[in-house]
Amino acid sequence: MTSDDFVPAPLRRLWGMSESSRLGRPASLDVNVVVTAAVGIADRDGLDGVTLPKVAKSLGFTSMSLYRHVGSKDELLTLMADAALGPPPDIDTTDWREGLRSWAFAHRAVLQRRPWLTRVPAAGPPSGPHQIAWMEAALAIMSGTLLDWAHKIGALSLISGYVVQSVRQYSELAEGRAEGQGQADAERDYGRALARLVNPDRFPETARLFSSTLFESPPSDTPDEAIADADFTLGLELILDGIAVRIARSDP
């Protein structure tokens with residue numbers, strides 16, 4: 001028994017460990033070919049468009065041919081998620097806050113290009129080479145702090161979850177808006193409608209919210225991307241503020 005025998009087959013495929021080919025002939029179909037085709041379909045048709053029969057057909061094979069290289073649809077999604085994420089950028093800074101901010105915006109940019117990634121079910125903790133590379137980048141940024149491992153992983157999970165949720169929410173809200181309606185107009189219409197509906201006797205603080213100028217503030221011609229950037233930055237800075245407090249408490 002070798003050390004590789006302790007690594008499950010899905011993880012071996014995730015890390016690109018070599019596949020054996022029958023009779024020693026080069027395989028015309030392998031994991032990379034299958035995953036690349038599946039990612040291409042997801043980029044074009046979204047995650048719902050990815051099925052094993054459709055991937056097999058795009059490659060000119062039968063569905064059964066894929067099972068030698070990908071054990072299941074769930075495994076395929078795991079392989080796709082890691083491949084589509086790609087490597088992290090080089091973030092060269094000694095300022096943990098600036099570094100985590102850059103890390104979060106870089107992660108967000110990947111998900112904005114491929115919003116289907118936010119809909120891939122989480123099958124477990126990060127385990128693919130690209131996911132581990134992103135983890136390594138974030139841990140390296142926090143290496144100069146006195147946070148222990150549990151708090152470093154907690155900070156990473158919080159930021160990563162925020163990035164995924166914000167991109168998914170923005171995508172879903174954009175899909176739900178009327179055709180041609182921008183984010184600024186949608187927020188304004190929402191605020192005005194709820195201001196009429198919310199009873200201040202029953203919901204005093206919420207009524208004060210809708211009577212404020214918050215939902216009237218962005219001009220109608222404000223690009224959707226600018227509003228999304230501002231909202232994302234506000235939430236991210238709140239998270240970084242909390243991490244800063246924890247780092248300060250860790251300082252002897």
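Biologist: Which residues is Val 55 in contact with, leaving aside its neighbours within four places in sequence?

Modeller: In this predicted model, Val 55 is in contact with Val 34, Ala 37, Ala 38, Ile 41, Val 50, Leu 66 and Leu 76. Contact here means heavy atoms within 4.5 Å.

Biologist: What makes the set around Val 55 a nonpolar core?

Modeller: A nonpolar core is a set of buried residues of kinds such as Val, Leu, Met, Trp and Ile, joined through side-chain atoms within 4.5 Å. Val 55 belongs to the largest one, which has 53 residues. Val 55 is among those with the most contacts inside it, along with Leu 76, Met 80, Trp 116, Ile 159 and Ile 243.

Biologist: Which elements give two or more residues to this core?

Modeller: Helix 2 (31–45), helix 3 (52–59), helix 5 (73–85), helix 6 (96–113), helix 7 (129–141), helix 8 (149–176) and helix 11 (224–250). Helix 2 gives the most, with eight residues.

Biologist: Why might one look for such a core in a soluble globular protein?

Modeller: Because nonpolar side chains tend to be buried together in such proteins.

Biologist: Why is helix 5 called oblique to helix 7?

Modeller: The two pack at an angle of about 50°, with their axes 7 Å apart. Under 35 degrees would count as roughly parallel, and 65 to 115 as roughly perpendicular. The angle of about 50° fits neither range, so helix 5 is oblique to helix 7.

Biologist: Which residues meet there?

Modeller: From helix 5, Asp 82, Ala 83 and Leu 85. From helix 7, Pro 129, His 130, Gln 131 and Trp 134. The contact divides into four nonpolar, two polar and one charged.

Biologist: How do you know that Val 167 counts as buried?

Modeller: Its relative accessibility is 6%. Buried means under 20%, so Val 167 qualifies.

Biologist: Where is Val 167 found, and what does Val 167 touch?

Modeller: Val 167 is found in helix 8. Not counting residues up to four places away in sequence, Val 167 touches Arg 108, Leu 111, Gln 112 and Thr 118. The C-alpha atoms of Val 167 and Pro 115 are separated by 7.1 Å, with the two residues 52 apart along the chain.

Biologist: Where does UniProt place the feature "DNA-binding region"?

Modeller: The unreviewed UniProt entry places it at residues 51–70. That span is 60% helix and 0% strand, and its end C-alpha atoms lie 12 Å apart. The entry also places "domain: HTH tetR-type" at residues 28–88. Residues 28–88 are 66% helix and 0% strand, with end C-alpha atoms 30 Å apart.

Key. Residues are numbered from 1 along each chain as its sequence is written. This is a predicted model: local features need pLDDT of at least 70, side-chain atom pairs count only at pLDDT 80 or more; totals for chains, interfaces and linings use all residues. Side-chain values use heavy atoms; hydrogens and water are left out. UniProt positions are given in the numbering used here, feature names are shortened, and annotations may be inferred rather than shown by experiment. Helices (H or I, at least four residues) and strands (E, at least two) are DSSP runs, numbered from the N terminus. Buried means under 20% relative accessible area, exposed over 50%, partly exposed in between (1.4 Å probe, protein chains only). Axes are lines fitted to C-alpha atoms, for helices over the stretch in contact, and angles run from 0 to 180 degrees between N-to-C directions. Ala, Val, Leu, Ile, Met, Phe, Trp, Tyr, Cys and Pro count as nonpolar, Asp, Glu, Lys and Arg as charged, and the others, Gly among them, as polar.
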